[in-house]
Number of protein chains: 2
Amino acid sequence: MREDTRARIQEIALRLFTEQGYEATSLREIAEELGVTKAALYYHFKTKDDIVTSLVDLRVAELEKLLEWARSQEKNAEMRRELVRRYAEQFTTPRYLQVARFLERNQTALRNHPKLAKMREAMIRLSAEMCAPGAPATERIIHSLAFFALHAGKWLTLEGEFSDEEIEKASLEVALRLLEL
Amino acid sequence: MREDTRARIQEIALRLFTEQGYEATSLREIAEELGVTKAALYYHFKTKDDIVTSLVDLRVAELEKLLEWARSQEKNAEMRRELVRRYAEQFTTPRYLQVARFLERNQTALRNHPKLAKMREAMIRLSAEMCAPGAPATERIIHSLAFFALHAGKWLTLEGEFSDEEIEKASLEVALRLLEL
DNA sequence: GTCTATACGCCGATAGAC
DNA sequence: GTCTATCGGCGTATAGAC
């Protein structure tokens with residue numbers, strides 16, 4: 001029945017960082033939820049920052065898998081649609097959705113985190129794969145907005161009116177339609 | 001030449017909160033940039049939270065102006081386009097753009113701030129004005145996405161490639177096209 | 001209006017026993 | 001692997017002189 005402690009720390013930290021923000025979450029809170037003292041955390045992670053690193057690595061790996069796939073493809077309309085679908089599909093794995101949300105909500109707090117730079121770089125390269133080199137600004141921007149639409153759930157203050165599933169489904173539809181503009 | 005000190009505190013706090021995040025910005029930093037001690041700040045604002053309140057008030061007032069206008073209009077396609085245009089136009093006033101960005105980037109850190117609840121409520125009502133009552137989920141979501149396309153600058157990791165103006169112009173174009181989907 | 005001085009607590013992190 | 005104890009530092013905030 002005993003779960004790996006390291007994994008439980010990640011799980012609790014991920015939830016609290018997302019709900020309250022990275023800076024607002026102390027190691028004491030994480031330890032308390034886990035039922036240990038904060039000193040115990042230091043056996044599993046060198047620093048608070050290290051917990052973040054372990055989480056971001058998950059997301060970077062996912063983005064790089066996507067990037068690798070994109071590069072192996074011809075850049076046509078069907079490839080772009082499939083890329084958006086695959087990007088959206090990553091969010092159907094709960095842990096990946098949680099990590100993505102954590103990163104969404106802590107961009108500013110983590111702005112100096114080296115792994116975040118890696119992630120942004122991957123996003124830039126991914127959105128570049130959406131267009132032929134030298135594509136006009138509006139095309140680049142519209143295609144990038146397709147990715148953005150999939151993150152918009154955070155901003156859509158419609159909770160209570162529609163389920164998460166409805167919002168996600170409609171977001172994907174909008175993202176795909178954006179590719180056709 | 002002497003500017004009002006209260007206004008200068010707001011200006012510096014707004015910039016630092018946006019760049020570094022609310023939690024990561026201390027009153028000491030603000031005071032240092034202003035060239036006074038942090039104790040001096042307490043003459044102008046009761047608490048750190050009070051500085052935020054004074055900033056959020058600006059945004060809430062803008063949203064409510066927009067909401068009032070929306071309510072006085074018939075809900076047709078041209079009204080929706082005009083509403084999006086007016087929403088976008090608010091961001092052309094530098095101070096309002098700065099405040100909006102500050103709020104975008106500190107949603108999580110300020111999640112318990114009472115003024116933030118007011119702002120979210122105003123956004124919900126504003127996006128409700130975009131549709132007839134009882135409109136289907138996809139319509140509501142797509143029209144709401146139109147607003148949020150205008151916030152996409154944060155996510156578009158295209159800085160350096162395109163100017164802020166290009167991104168804003170294209171975002172508005174996409175927002176307007178979303179209304180027609 | 002701004003200062004110095006200070007209260008008081010929580011933070012991340014470490015040392016060393018068990 | 002987890003504990004107790006503790007460190008140094010910085011956080012917000014206040015008191016009271018000027």
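A backbone N or O atom of Thr37(A) sits 2.6 Å from a phosphate oxygen of DNA strand D in this predicted model, a polar contact in the sense used here (a pair of N or O atoms within 3.5 Å; within protein, one must be able to donate a hydrogen and the other to accept it, and residues adjacent in sequence count only if both atoms are side-chain atoms). Chain B reaches phosphate oxygens of strand D through its backbone too: an N or O atom of Leu27(B) lies 3.1 Å from one, and an N or O atom of Lys48(B) lies 2.9 Å from one.

Because the model is predicted, local features need pLDDT of at least 70 and side-chain atom pairs count only at pLDDT 80 or more, while totals for chains, interfaces and linings use all residues. As for bookkeeping, residues are numbered from 1 along each chain as its sequence is written, chains are lettered from A and ligands numbered from 1 in the order in which they are written, and side-chain values use heavy atoms, with hydrogens and water left out.

Zooming out, 16 residues surround DNA strand D, and Thr37(A), Tyr43(A), His44(A), Lys38(B) and Tyr42(B) come nearest; a residue counts as near if one of its heavy atoms lies within 4 Å of the strand. Sugar or phosphate makes up 63% of the strand D atoms within 4 Å of the protein, with bases taking the rest. At least two residues of this surface come from each of α3 of chain A, α2 (27-34) of chain B and α3 of chain B, where helices are DSSP runs (H or I, at least four residues) numbered from the N terminus. The top contributor is α3(A), with 4 residues. Sorted by class, the surface holds 7 nonpolar, 6 polar and 3 charged residues (Ala, Val, Leu, Ile, Met, Phe, Trp, Tyr, Cys and Pro are nonpolar, Asp, Glu, Lys and Arg charged, and the others, Gly among them, polar).

Now for the other strand. DNA strand C also has 16 residues around it, the closest being Ser26(A), Arg28(A), Lys38(A), Thr37(B) and His44(B). Of the strand C atoms that come within 4 Å of the protein, 62% are sugar and phosphate. Lys38(A) goes for a base: a polar side-chain atom of this residue lies 2.8 Å from a base nitrogen of strand C. Phosphate oxygens of strand C are met by a polar backbone atom of Leu27(A) at 3.0 Å and by a side-chain N or O atom of Tyr43(B) at 3.1 Å. Here α3(B) gives the largest share of the surface, 4 residues.

How are the two protein chains related? A rotation of 180 degrees with 0.1 Å of shift along its axis superposes chain A on chain B, RMSD 0.1 Å (least squares on the C-alpha atoms of residues with pLDDT of at least 70 in both). The copies are therefore related as by a two-fold rotation axis. Within chain A, Glu23(A) comes closest to that axis, its C-alpha at 3.1 Å.

Charge pairing rounds things off, with 24 salt bridges over all chains (a side-chain nitrogen of Lys or Arg within 4 Å of a carboxyl oxygen of Asp or Glu). One of them joins Glu33(A) and Arg15(A), 2.7 Å from N to O. Since Glu33(A) belongs to α2 of chain A and Arg15(A) to α1 (residues 5-20) of chain A, this pair ties together parts 18 residues apart in sequence.
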